[in-house]
Each structure stands twice: as structure tokens, then as C-alpha cells.
Amino acid sequence: LAMGGNFTEPIFILLGITDTPWAQIPLFGLFLLIYIITLAGNVGLMLLVWVTPSLHTPMYFFLTHFSLADVCYSTVISPKMLTDLLFGNKTISFAGCVAQFHLFALFATAECHLLAAMAYDRHAAVCHPLRYAAAMSPRACWQLLAWSYLAASLSALAYTSCTFGGSFCGPRRIDHFFCDAGPVLRLACSDTRGSEAAIFALAAANGLGTGLLILLSYGLVLRAALGPRSAPGRAGAFRTCASHLGSVSVFYGSLFFMYLQPASRHGSRDKVASVFYTVLSPMLNPFIYGLRNTEVKAALGKCGRRVLNRC
């Protein structure tokens, strides 16, 4: 956009979750509470793992990085959404929009690969306990983590290039509460079918690839837990995997709904689906992946008693 020989940065307007005035303050209170619980749960879980030597295992190594990704991509979305609800200033600069979407794509994609790494870890622990130490050595854990962020970084660059690579015209009103690919592409002046196809293919590769690995790993764990030669400890593995699969289903289901359907089918339900993986999932993950585990409960109790004794 040129004005008087100078170039001005485009400004977008986020329409938000709702345009109903009376609903904005209650929604602000609700989402603020969710965001506080998200930060407290995930940061608390990371600190607990770091200060507890008995939790320095591959499972909790991946869990701390998963919690870190939860904190990061929740923080990319929630503070802007909260200020929009409270103050009504829903504008966002072009650079801000690009940065928000890129960081969201980075950490959301990293979560998919970290979930796959966590599922593989559980499969190795339950199905191949004698080879577990070698399969999940510290070097192997760091390699899996590096791969997760490498794949996420390359994917995020591609997503961002496809979404913001064209020109924008008309009223720059994004019908969403954050800068997401679909609502942004609807504002483009040029033909976006190529960009939409590229985003669809990349989302399918990341989502379906990691999703199939997760289902295969947990499927083998459940088969071992229910088998005639299952050890007593595998009953706990069955309960753990069942809760993990429930969380994975919500996360992947809402992602697939958003990114693996034709652009013509997107509508008002997109905002509801987006709330699941941007707001609710990061809040619930510490409880599902952490506080349901007996090791975490024991470590939490020990830390609590230590604090009480010092007081």
C-alpha cells in the first residue's frame, strides 16, 4: 500500500471470538483464568521435573519440552486475545500478524512431533523393556527433540510463506481471534488455491504422519497391556495410554477439522474448534500427562512436605 511515495505497513483487524458487547467481559474473565491455570500447571510441572532427580527420565524429558511448547504457543495467542476482549482494540500490524502465526505454527507443529516422541517412548518402555535404556539413551532423546524442532521450524516457514506471500486488499478484517492461515488467506487479492493446497499437504504430512505413529505406538502398548503375559505394572500403562489417547484425540481432532478440510467449508465453527487446541488443550495437558502419574504425585507430595518443614 503506497501513500505519497512512502510505503505504510498494512493493519489488520481481528474480529475476535464474539462481537456481542455484554459477552466480552465474562469471556475475558474465563480465558484469563484458563491462561493463568495453563501457565501455573505447565511451568509448575517443568520446575517439578527439574528439581526432582527421580523424574530425570526420557518420559519426563519430553514432557518438560512439551509443557514448554504449551506455554509458548498459548502465550502467542492468549495475551492478545485477552487485551482485545478487555479494551476492544483489535488491530494488529502486518509484522505482528506474521510473527503470531509463525510462532503458533512452530510450536503447534513441534507439539505434534513431541507427542509422537512421547508415544514412541512409552512403546519402547512397555513393549521392549530390556532394550529401553539403549533405545532411549540421552543422545537418542536429544536427537528426537532436535528433529521435532527442525521439522517444526521448516514447516512453520513454509506455512508462513504460503499464508503471507501474496498481496492483500479490501477491508483487512480477519474473522478470527488470532492470525490463522484460513482467515488471512480469505483477504488475499491473488489466487490462493496453490497456497491452500500447499498448506493442506504439509498439514496432512505433519498431522497424519505423527498421528499414525502415535496410534501405532499406543496400539502396541495397549495390546501388550491386555495380553495374557502382561506384567502387573502394565495395567498402569493401559490407564496412562487411555488418558493420553483422549487428549491426543481432542488436539488432533480440532487441528484436522481446521486444516484438513476444503476452504469452502470453513465457517463460524472454526473459532470453537480453535479454542480447543489453542486454549483448552494447553490447560489440560499438565493434568493429563503429569498429575495422573504416580511418580509426579509422589514428587509433588515430597516437595510439598519439604516446603512445609522449612516453614
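Q: How much space lies in the second largest cavity?
A: This is a predicted model, so let's start with one of its enclosed spaces. A search of the whole structure turns up four cavities of 30 Å³ or more. The second largest cavity holds about 60 Å³.

Q: Which helix gives the largest share of the lining of the second largest cavity?
A: The residues around this space are Met59, Leu63, Met118, Asp121, Arg122, Tyr218, His244 and Tyr289. Two helices, H2 (58–87) and H3, each bring at least two residues to that lining. The largest share, three residues, comes from H3.

Q: How many charged residues are in the lining of the second largest cavity?
A: Asp121 and Arg122 are both part of this lining, and Asp and Arg count as charged. Sorted by class, the lining has five nonpolar residues and one polar one, and the number of charged residues is two.

Q: What is the volume of the largest cavity, and which residues are closest to its centre?
A: The volume of the largest cavity comes to about 230 Å³. It has 17 lining residues, and the ones closest to the centre are Thr109, Tyr159, Ala203, Leu255 and Tyr259.

Q: Which helix gives the most to the lining of the largest cavity?
A: Three helices each supply at least two lining residues here: H3 (94–127), H7 (193–226) and H8 (234–259). With six residues, the one that gives the most is H3.

Q: How many charged residues does the lining of the largest cavity have?
A: Nonpolar residues account for 14 of this lining, and polar ones for three. Tyr159 and Tyr259 are among the residues closest to the centre, and Tyr counts as nonpolar. As for charged residues, there are none: the lining has no charged residues.

Q: Where do lysine 80 and aspartate 84 lie, and is aspartate 84 buried or exposed?
A: The side chains of these two residues meet in a salt bridge, at 3.1 Å from N to O. Both lie in helix H2, four residues apart, or about one turn of the helix. Aspartate 84 has 4% relative accessibility, and the cut-off is under 20%, so aspartate 84 counts as buried.

Q: How many residues apart in sequence are the parts tied together by aspartate 175 and lysine 271?
A: Here the side chains of aspartate 175 and lysine 271 meet in a salt bridge of 3.0 Å, N to O. Aspartate 175 sits in the loop between strand E5 (173–174) and helix H6 (181–185), while lysine 271 is in helix H9, so the pair ties together parts that are, in sequence, 96 residues apart.

Q: Which class, buried or partly exposed, fits aspartate 175, and which fits lysine 271?
A: Aspartate 175 has 43% relative accessibility, so it counts as partly exposed. Lysine 271 has a relative accessible area of 15%, and the cut-off is under 20%, so lysine 271 is buried.

Q: Are aspartate 191 and arginine 193 buried or exposed?
A: These two form another of the four salt bridges found in the whole structure, with their side chains meeting at 2.9 Å, N to O. Aspartate 191 and arginine 193 are both exposed.

Q: Which residues form the nonpolar patch on the surface, and in which helix does leucine 300 lie?
A: The patch is made of Leu33, Ile37, Phe287, Leu291 and Leu300, with about 400 Å² of accessible area together. Helix H1 (21–51) and helix H9 (269–291) each give two or more residues to the patch. Leucine 300 is partly exposed at 44% relative accessible area, and its helix is H10 (residues 294–310).

Notes: Residues numbered from 1 in each chain as written. Predicted model: local features only at pLDDT ≥ 70, side-chain atom pairs only at ≥ 80, totals over all residues. Heavy atoms only, no water. Patch = residues over 30% accessible without salt bridge, like charges linked within 9 Å, V, L, I, M, F, W, Y side chains within 5 Å. Areas by Shrake-Rupley, 256 points an atom, 1.4 Å probe, with all protein chains shown as cover. Buried < 20%, exposed > 50% of the residue type's maximum accessible area, 1.4 Å probe, protein only. 1 Å grid on protein atoms, 1.4 Å probe; cavity = no way out; pocket = protein on both sides within 12 Å on 5 of 7 lines; lining within 4 Å. Points joined across faces, edges and corners; volume = space filled by probe spheres on them.
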